[in-house]
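Q: I am new to this structure and would like a close look at one part of it. Could you walk me through the place where the two chains meet?

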Amino acid sequence: MKHTSAEELYAYREGEMTGRESIAAHLKECGECRAELERIEEVFQVLNAMPVPDPGEEYGTKVWRQIVDRLPEKRAKWWSGFFAPQRLMAMGAAAALLALAFYAGRTTSPRTGGDEIVDAGKVRERVLVVAVGEHLGKSEMILMELSNTQPVESGKKLINIATEQKRAEDLVEENRLYRQTALNGGDHAIASTLDELQRVLLDVANSPAEVTPAQFASIQKRIAAQGILLKVRVVRQELRAESERKKAEPARNDSIPKARNKA
Amino acid sequence: MADAIGISDVAAVERTLAGERDAYRVLVERHSAYVYRVAYRMTGNPHDAEEVVQEAFLRAYQKLRQFAGNANFGTWVYRIAANYAIDRLRQRKNEESRRESPSRKTESETEVDPLSQIKDQAPNPERLAGSAQLAEKMKEALDALTPAERTAIVMRHWDGCGIEEIAEVLKSNSSAAKNTVFRAAQKLRLALKPFAEGRNAAKVVGTES
């Protein structure tokens with residue numbers, strides 16, 4: 001008599017319909033499998049009985065006090081969430097430095113008094129352009145490293161991609177945020193490239209830390225098939241041109257550059 | 001603030017979005033304890049759990065516009081907490097593996113089959129028959145799971161989440177998520193094998209909350 005596998009027993013316990021009748025019939029006959037099912041049940045009983053400390057009645061108030069100073073006032077602009085302190089940190093020190101450099105450049109250049117009020121928004125816009133550019137640069141680097149690795153040359157059975165995986169993981173959240181912002185800002189071309197990038201980053205982030213040459217080749221193939229490297233480069237190029245243009249031409253107010261829409 | 005206490009979650013979200021920051025306090029006070037319990041189960045220690053709670057409410061505040069009343073706020077903040085908890089777990093595991101062997105140990109290597117660890121420890125079922133030890137073994141087994149496995153099993157069996165919801169947090173598809181839940185369950189089963197053979201052993205573990 002063929003016994004029911006642990007996986008089948010588990011699925012049965014979960015109420016799955018596939019093969020349900022034959023498993024039930026087998027369980028009726030087989031004491032061994034019944035005992036195994038009981039043991040699985042016991043594991044969940046132990047799991048359910050695991051104690052969780054009670055945080056106390058005042059816990060909600062405590063949490064509120066802990067976070068209230070870090071909650072920025074809500075503003076109506078689509079980019080408002082972007083400039084919360086946590087976001088700026090996520091954008092990375094490099095982007096912040098660049099932003100500072102821009103800002104310094106703007107405020108030290110000779111100008112008439114009235115322009116300065118408009119400028120805060122423009123600085124933000126530029127930070128955004130720089131930050132997305134930065135983000136794409138980091139993504140491009142990972143994809144290039146993965147594409148250029150020769151799986152067979154070292155003769156190793158497994159290829160360790162833990163570093164790339166970790167970096168991809170970090171970029172996923174950032175990427176989602178930029179994509180959402182681009183969408184909210186009506187910048188569909190960038191949003192769609194970020195969307196494709198998201199899938200590739202997720203692929204890498206969700207891979208095991210060590211992959212077989214075959215798995216590795218399939219990651220490479222997916223990167224190549226999407227042509228994502230090229231798309232990322234094009235957008236990056238355009239963003240760079242964009243930020244150059246803004247530097248040269250500070251008075252224009254065009255937050256959604258049309259030049260990018262062909263990407 | 002006083003007039004905000006009895007308002008619904010949806011109204012509190014709307015008022016927060018309209019610029020009334022204190023309306024968010026209602027949501028924090030209402031849902032903190034629940035999020036804490038989830039966070040504790042996922043991270044396994046009170047310190048990390050508290051951090052997850054704070055971060056979840058901060059993130060929820062930042063993303064509040066995306067929520068826009070289309071789901072239950074509790075469920076939504078739960079998912080944000082789960083997302084952050086899995087990141088936190090991964091970070092912890094990475095730190096641990098770096099401490100253990102600075103050169104090349106990776107997550108998958110440190111998280112070996114719990115069964116092999118138990119064999120090394122030469123279990124003594126009589127000694128472990130007590131309730132505290134069983135709970136302790138379960139805690140060890142949970143700590144030995146990968147972040148994805150731990151998140152998956154907590155979501156599935158403690159919180160009764162659907163596979164789709166788990167897949168979303170794990171950033172994978174539903175068949176992979178289902179697999180992860182099974183793998184986690186199987187690891188716990190193997191880890192407890194030498195100790196949980198006695199019928200209804202779980203009854204003696206007891207609950208605190």
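A: Here is a tour of that meeting place, followed by a look at the cores and at chain A.

This is a predicted model, in which local features need pLDDT of at least 70 and side-chain atom pairs count only at pLDDT 80 or more, while totals for chains, interfaces and linings use all residues. Residues are numbered from 1 along each chain as its sequence is written, and chains are lettered from A and ligands numbered from 1 in the order in which they are written.

Let's begin with the contact between the chains. On one side are 46 residues of chain B, and they are in contact with 40 residues of chain A (contact: C-beta atoms, placed from the backbone, within 7 Å). Several helices of chain B each supply at least two residues to the side that touches chain A, including α1 (9-17), α2 (23-43) and α12 (174-192). Helices here are DSSP runs of H or I with at least four residues, strands are runs of E with at least two, and both are numbered from the N terminus. The most comes from α2(B), with 11 residues. By class, this side of chain B has 22 nonpolar, 14 polar and 10 charged residues; Ala, Val, Leu, Ile, Met, Phe, Trp, Tyr, Cys and Pro count as nonpolar, Asp, Glu, Lys and Arg as charged, and the others, Gly among them, as polar.

Now zoom in on one helix pair. Helix α3 (residues 31-49) of chain A packs with α12(B) at an angle of about 95°, their axes 10 Å apart. Axes are lines fitted to C-alpha atoms, for helices over the stretch in contact, and angles run from 0 to 180 degrees between N-to-C directions. The angle makes α3(A) roughly perpendicular to α12(B), a term for 65 to 115 degrees. From α3(A), the contact uses A:Arg39, A:Ile40, A:Val43, A:Val46 and A:Leu47, and from α12(B) it uses B:Ala185, B:Leu188, B:Arg189 and B:Leu192. Of these residues, 7 are nonpolar, 2 are charged and none is polar.

What about the cores? The largest nonpolar core has 64 residues, and B:Ala39, B:Val53, B:Ala56 and B:Ala81 touch the most other members. Such a core is a set of buried Ala, Val, Leu, Ile, Met, Phe, Trp, Tyr and Cys residues joined through C-beta atoms within 7 Å; buried means 20 or more other C-beta atoms within 10 Å of a residue's own, with C-beta atoms placed from the backbone. Here too α2(B) gives the most, with 11 residues.

Finally, chain A has 11 helices and 2 strands, and 27% of its 263 residues count as buried.

Technical notes
Contact = placed C-beta atoms within 7 Å. Buried ≥ 20, exposed ≤ 12 C-beta atoms within 10 Å, placed from the backbone. Parallel < 35°, antiparallel > 145°, perpendicular 65-115°, else oblique.
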